[in-house]
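Hello,

Here is the structure I promised to pass on. Please have a look at it first, and then read the notes underneath with the viewer open.

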Amino acid sequence: MTSMSLLGYHVRLAVRSLRRDPGVALVMWLSLALGNSVWALAAAEQLRFDGRDVSLSPTLHQVEVLRPRDANAVFEDGAAGNPYLAPVAIHARTMHTYAEGQALASSGVPARQSTGIRAEVVVRGPEGGAEARVARFTNAAFFGMFDRTFAAGGPWAARDDAGGTGVVVLGFATGRKLFPRGDGVGRAVTIEGRRYHVVGVLADYQPLNAPWQLLIWGGFEDALFLPLGDFDPLGAWPEEPIYRTPPDGLDRAALLRSDALFVMSWVDLPTPAHVEAYRSDLDRRLGPGRYVLRSLDQWRRAFPMPATQLSFFSFLAVVVLVGGVFTLARFLLTKGLTRAPELGVYRALGAPRAAIFARTWVEGMLLATPAALLGPLFQLPTAFAFNHLVKFVDMPLELSRLGVLVGALVPLGAAAIGTLYPAWRLSRTRPTRYLGMG
């Protein structure tokens, strides 16, 4: 008998076994599917947090400007003892003042560099209806440095970084909202009363935890991308600047003169010669010993992600998943032991241990496979409710291809492992014991 015919034989036996107790099998299947939906929801949330990953070059570098300990102590101490202050502490060490950002942006040493300022602007589409949206003022190099893919069009030219040319790139959600038919490229929008032409629309949401500027937990997607040179002409106000000391006024000019932190800068230094030349340039601009230049790997080690509610939710999802596998194993073992005489007859008639093992394992997988495959679908109502009721972020939970794979294959693999023990246990009992002779 071929291996395929043996598999079909064991599947038929397993189906017969499940048909004997259809009610129990249905309850077990539903419980597994609901448990798998919890795991699938946790996987979708994890992917929303940082799974929309971007390909980052290892030659990216970031500058931390060293400041007096007494002025920054609240952020450093908060990072160590208070998880709610940890995001502010990371921002305080990775962001720059407006003057520092200008000094870094004027360096001609890096092969590529990106300076970013998040600010809220009012945008009006072709159909009217003004809305406040978060814009990122940056350089054309940003899109290549952080691998932002385009659904249509592309980034503006480097010569447009100085501003005044009226070009804009739309984020994924904003592009769909303003131009539902996907025809945004080449059309115009109004931003703070000025006319801008759309040159590109991004192809996907950004990660909730964007690597170019950590949002940590909560926040809104970069809805618009504008040339850095348009930041001053539009009179945009930076989003949530971190004030180190009180400014000398309440107007925008006083903010830009102050030591408030709201500028994010990245540079690409592809060779050791670039690194040394940039260090020399920083010595001249910032002063020797007043900064730390970190590569991407060093930056990630220096600023690890603080714990969030997602960690606890993921832990609960793992507990539910393991509990489901344990329940499945107990179900198979209990069912097999209650039918010991029947298995004993099979063994006495010459059925090998491998046949008992295969039949039990296949029976478990017949329950686990549809439950694992439907788990991601079962989490859709929860995701729908979250996306429509929870508004502290605008990057939704999605049923992506990767989410379906992770949400289905992990429970399936766990079930395949969990059913090994009852299959092994039932296959190892001697026939005489099954028949009541030992």
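**What turned up**

S265 is a good place to begin: this serine belongs to strand β10, which covers residues 263–268. Please keep in mind as you read that the model is predicted. The relative accessibility of S265 is 8%, which is under the 20% cut-off, so S265 counts as buried. Its side chain makes a polar contact of 3.5 Å with the side chain of H96. H96 also appears among the residues that S265 contacts beyond its neighbours within four places in sequence; the full set is Q62, H96, G101, L104, S114 and T115.

Next, have a look at strand β5, residues 167–170. Are its faces covered or open? Both are covered: V167 and V169 lie on one side, V168 and L170 on the other, and all of them are buried. β5 also has strands to pair with. It runs parallel to β7 (residues 194–202), and four bridges join the two. With β8 (residues 224–227) the arrangement is antiparallel, with two bridges. L170 takes part in both pairings: its bridge partner in β7 is V201, while in β8 its partner is L224.

Now to the surface. L26, L30, L34, L377, F378, L380, L399 and V404 together make a nonpolar patch of about 620 Å². Two elements give two or more residues to this patch, namely α2 (22–51) and α13 (353–378). Which of the elements supplies the largest share? That is α2, with three residues. One of the patch residues, L26, is found in helix α2. L26 has a relative accessible area of 46%, which falls between 20% and 50%, so this leucine is classed as partly exposed.

The same helix, α2, also holds W29. Although W29 and P370 are 341 residues apart along the chain, their C-alpha atoms are separated by 8.0 Å. P370 is also one of the residues that W29 touches; leaving out those up to four places away in sequence, the list reads L367, P370, A371, L374 and F378. You will recognise F378 from the nonpolar patch, so it is worth showing W29 and F378 together, as they touch.

If you have time for two views, I would suggest S265 with H96, joined by that side-chain polar contact, and L170 with its partners V201 and L224.

Happy browsing, and best wishes

Note on methods. Residues are numbered from 1 along each chain as its sequence is written. This is a predicted model: local features need pLDDT of at least 70, side-chain atom pairs count only at pLDDT 80 or more; totals for chains, interfaces and linings use all residues. Side-chain values use heavy atoms; hydrogens and water are left out. Buried means under 20% relative accessible area, exposed over 50%, partly exposed in between (1.4 Å probe, protein chains only). A polar contact is a pair of N or O atoms within 3.5 Å; within protein, one must be able to donate a hydrogen and the other to accept it, and residues adjacent in sequence count only if both atoms are side-chain atoms. Contact means heavy atoms within 4.5 Å. Patches are made of residues with over 30% relative accessible area and no salt bridge: like charges are joined within 9 Å, nonpolar side chains (Val, Leu, Ile, Met, Phe, Trp, Tyr) within 5 Å. Accessible areas come from the Shrake-Rupley method with a 1.4 Å probe; for residues, only the protein chains shown count as cover. A salt bridge is a side-chain nitrogen of Lys or Arg within 4 Å of a carboxyl oxygen of Asp or Glu. Two strands pair if DSSP finds at least two bridges between them.
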